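This briefing introduces a single protein model to someone meeting it for the first time. Please look over the sequence and the structure, and then read the notes below.

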Amino acid sequence: MFGSLLALCRCLFATTNFPKGSLVYQGRCSLVENVLNFTLRDSDDEACTRRQFYGFDGFMNHSCAPNLHCPGTERAADHMLYDAHAVRDIAVGDEITCDYSVLDYECDGHAIEVCGCGAPRCRGSMKGFKGLPLAEQVRVLHHADAELVEHFMGATNAYIYETKLLDGVGLACDDDMDAPGGGSSCRLVAAKDFEPGDVVFKNKCVLMYPEKGDLDKMLLLRVSNLGERFFGRGGLGSVAEPVGCGTPSRYFLLEPDHHCIHRPTHVEVIGFDIFMDHSCEPTTSQEYTSSTDYTVYATRAMKVGEAITCDYEQGLGNAAEGTASLETTKFQCLCDAATCRGLIRA
Ligand SMILES: [Zn+2]
Ligand SMILES: [Zn+2]
């Protein structure tokens, strides 16, 4: 593996091609007492004196849109091991980079005041995880180690709702999820063909009661199996195969006004189906079998890669409960249906 990378002028370059998702190398970092001030302290705890001492990959530069992600695989008193994966295709001659922001919460004197990474949407500086805007913290949270995630959870009072993309459904995004600001244009797509009347998926929601303070917490959605169900970029029907995204899971910030279903007495926090777009001629309809369980049916034939849509104005399948309309969910529909109703109040 070491023959595939070249350290030069304090940068690391690839000397072979690495496809997205592939293992670039298995790394080892020694944990040693009080050496060299330019090394990272091993913990956010100020009392910690242990430093992280890297090998050849100590030459790796920071990028705001890195091509490497290095999740830990083993941690012992004197060392840690990690697998360096390509988060995008890496070609011979490309510089190998990682995002320093996910390595350190406070940054402890290692801030980069003016970032020169050259990424199209470079953040401008690197001041550790704490210095990232909230949307960026959530976007890269899957790259952070357990201690950093714990620090972030404590600082934001967040509640994580775990979800899994079920058989037959996948996610497609038009923007680059691995670049700053990415991941904001995702939609649910069919991962197989459906006939009218087929069950597309069955799901369960969590009920929250605003008067009990349930919505005072920051809500995060963690899609734990996105890597195997990510369809990448492309328009309607233009993708046929999941492309993977280098990492198995992703976090998304839930905005209760937009991503939850507001009923007169409570709020439903749904899972991966927050990515279902509205259409005035939707491809699915929902049917609730209890206050928390619902089944989504295909209303017409759907091909792999086609958007799974629903009609936000139809009570979302629960006529008995109905919906509480919020002025914040009013939007101009661009669904292209011949019968498009224009202004939607969901
Ligand atoms: Zn940058
Ligand atoms: Zn419409």
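The confidence of the predictor in each residue is given as pLDDT, on a scale from 0 to 100. The protein has a mean pLDDT of 84, and 87% of its residues reach 70 or more; over residues 235-240, however, the pLDDT is below 50, although this stretch has 13 contacts in the model beyond near neighbours in sequence, a contact being two residues whose C-beta atoms, placed from the backbone, lie within 7 Å.

This is a predicted model, in which local features need pLDDT of at least 70 and side-chain atom pairs count only at pLDDT 80 or more, while totals for chains, interfaces and linings use all residues. Residues are numbered from 1 along each chain as its sequence is written, and chains are lettered from A and ligands numbered from 1 in the order in which they are written.

**Overall make-up**

- The protein has three helices and 25 strands, where helices (H or I, at least four residues) and strands (E, at least two) are DSSP runs numbered from the N terminus.
- Of the 346 residues in the protein, 32% are buried; a residue is buried if 20 or more other C-beta atoms lie within 10 Å of its own, exposed if 12 or fewer, and partly exposed in between, with C-beta atoms placed from the backbone.
- Among contacts with a separation of 6 or more, 68% join residues that are 24 or more positions apart.

**Nonpolar cores**

- A nonpolar core is a set of buried Ala, Val, Leu, Ile, Met, Phe, Trp, Tyr and Cys residues joined through C-beta atoms within 7 Å, and the largest one here has 48 residues, with Val 169, Leu 171, Leu 188, Val 189 and Ile 308 having the most contacts inside it.
- Elements that each supply at least two residues of this core include helix H1 (134-140), helix H2 (146-156), strand E12 (169-173) and strand E13 (186-190), and the largest share, four residues, comes from E13.
- Because domain 1 (2-156) and domain 2 (159-345) both give residues to this core, it lies between them; the domain bounds come from an automatic or database domain assignment.
- Leaving aside residues up to four places away in sequence, Ile 308 touches Val 169, Leu 188, Val 189, Ala 190, Val 200, Met 276, Thr 283 and Thr 284.
- A second, separate core has 16 residues, among them Leu 12, Ala 14, Tyr 25 and Met 126.

**Two open sheets**

- Two strands pair if DSSP finds at least two bridges between them, and one open sheet has three strands in the order E15-E19-E18 with antiparallel pairing.
- The edge strands of that sheet are E15 (206-208) and E18 (261-262), each of which pairs on one side only; two antiparallel bridges link E18 to E19 (residues 267-269), and His 262 has Val 267 in E19 as its bridge partner.
- Another open sheet of three strands follows the order E14-E22-E21, also with antiparallel pairing, and because its edge strands E14 (199-204) and E21 (284-288) have a single partner strand each, one side of each is left without a neighbour in the sheet.
- E14 and E22 run antiparallel and are joined by five bridges, and the bridge partner of Lys 204 in E22 is Asp 293.

**Positive phi in loops**

- Most residues other than glycine have a negative phi.
- Asn 157, which is not a glycine, nevertheless has a positive phi of about 55°; Asn 157 lies in the loop between H2 and strand E11 (158-163), and counts as exposed because it has 9 C-beta neighbours inside 10 Å.
- Asp 336 likewise has a positive phi, near 75°, and lies in the loop between strand E24 (330-332) and strand E25 (343-345); with 10 C-beta neighbours inside 10 Å, Asp 336 counts as exposed.
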